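Okay, thanks for making time, everyone. Let me pull the structure up on the screen and then walk you through it.

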Amino acid sequence: MSRIRARFWDPAGARYVVPTYPWHMAPPHLRTLRQLAADKLRPGGQGIQAQILWRSRRYSAPGGVRVAYLYDVRFALPKRVPTPAQLAALAKANAARRTCPECLTDVGYVLPRQCDSCPDCATEIAA
Ligand SMILES: [Zn+2]
């Protein structure tokens with residue numbers, strides 16, 4: 001095992017408190033949120049079970065070390081499916097956010113909260 005990998009090898013959590021694995025060395029039952037979501041699963045209330053640490057120069061991570069949190073797939077639950085009523089309520093709420101309160105037109109994007117009206121109405125008020 002290389003020195004870098006040995007630095008992040010801590011399955012018992014003695015050094016990092018949380019069980020820690022180097023890149024590509026976590027056991028298969030521990031998965032990231034994205035890996036769970038790909039199988040239509042959610043953590044289901046469990047906390048972080050382990051983490052992956054790796055050195056990276058791509059982002060200004062503290063100490064040049066990046067982290068990925070892992071959840072146990074055995075405690076994961078299926079993702080909840082919204083009911084038609086919930087989807088309808090969300091569509092209505094999003095439509096309200098896209099609708100200008102002055103001219104009542106759907107501008108096709110969410111209006112910024114600070115000006116509260118579409119650009120056309122905002123310039124009319126300013127003029
Ligand atoms: Zn408007």
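Let's start with a loop: Leu 104 sits between α3 (84-98) and α4 (119-126). What's odd about its backbone is a positive phi of about 60°, even though Leu 104 isn't a glycine. This is a predicted model, by the way, so keep that in mind throughout. Is Leu 104 buried or exposed? Leu 104 counts as exposed, because there are just 8 C-beta neighbours inside 10 Å, and the cut-off for exposed is 12 or fewer.

There's a similar story at Lys 40. That one is in the loop between α2 (33-38) and β3 (41-42), it isn't a glycine either, and its phi is positive at about 60°. Lys 40 has 10 C-beta neighbours inside 10 Å, so it goes down as exposed too.

Okay, zooming out. We've got 4 helices and 6 strands in the protein, and from the N terminus the order reads α-β-β-α-β-β-β-β-α-α. The radius of gyration comes out at 23 Å, whereas the globule rule gives 14 Å for 127 residues, so the protein is more spread out than a compact globule. The C-alpha trace spans about 70 × 35 × 20 Å along the principal axes.

Now the domains. The assignment gives domain 1 (3-78) and domain 2 (84-126), and their C-alpha centres are 40 Å apart.

Two last numbers for you. Buried residues are 12% of the 127 in the protein. And if you take contacts with a separation of 6 or more, 43% of them are between residues 24 or more positions apart.

Conventions:
Residues numbered from 1 in each chain as written. Predicted model: local features only at pLDDT ≥ 70, side-chain atom pairs only at ≥ 80, totals over all residues. Helix = DSSP H or I, 4+ residues; strand = E, 2+ residues; numbered from the N terminus. Rg over C-alpha atoms; globule rule 2.2 N^0.38 Å. Buried ≥ 20, exposed ≤ 12 C-beta atoms within 10 Å, placed from the backbone. Contact = placed C-beta atoms within 7 Å. Domains from an automatic or database assignment.
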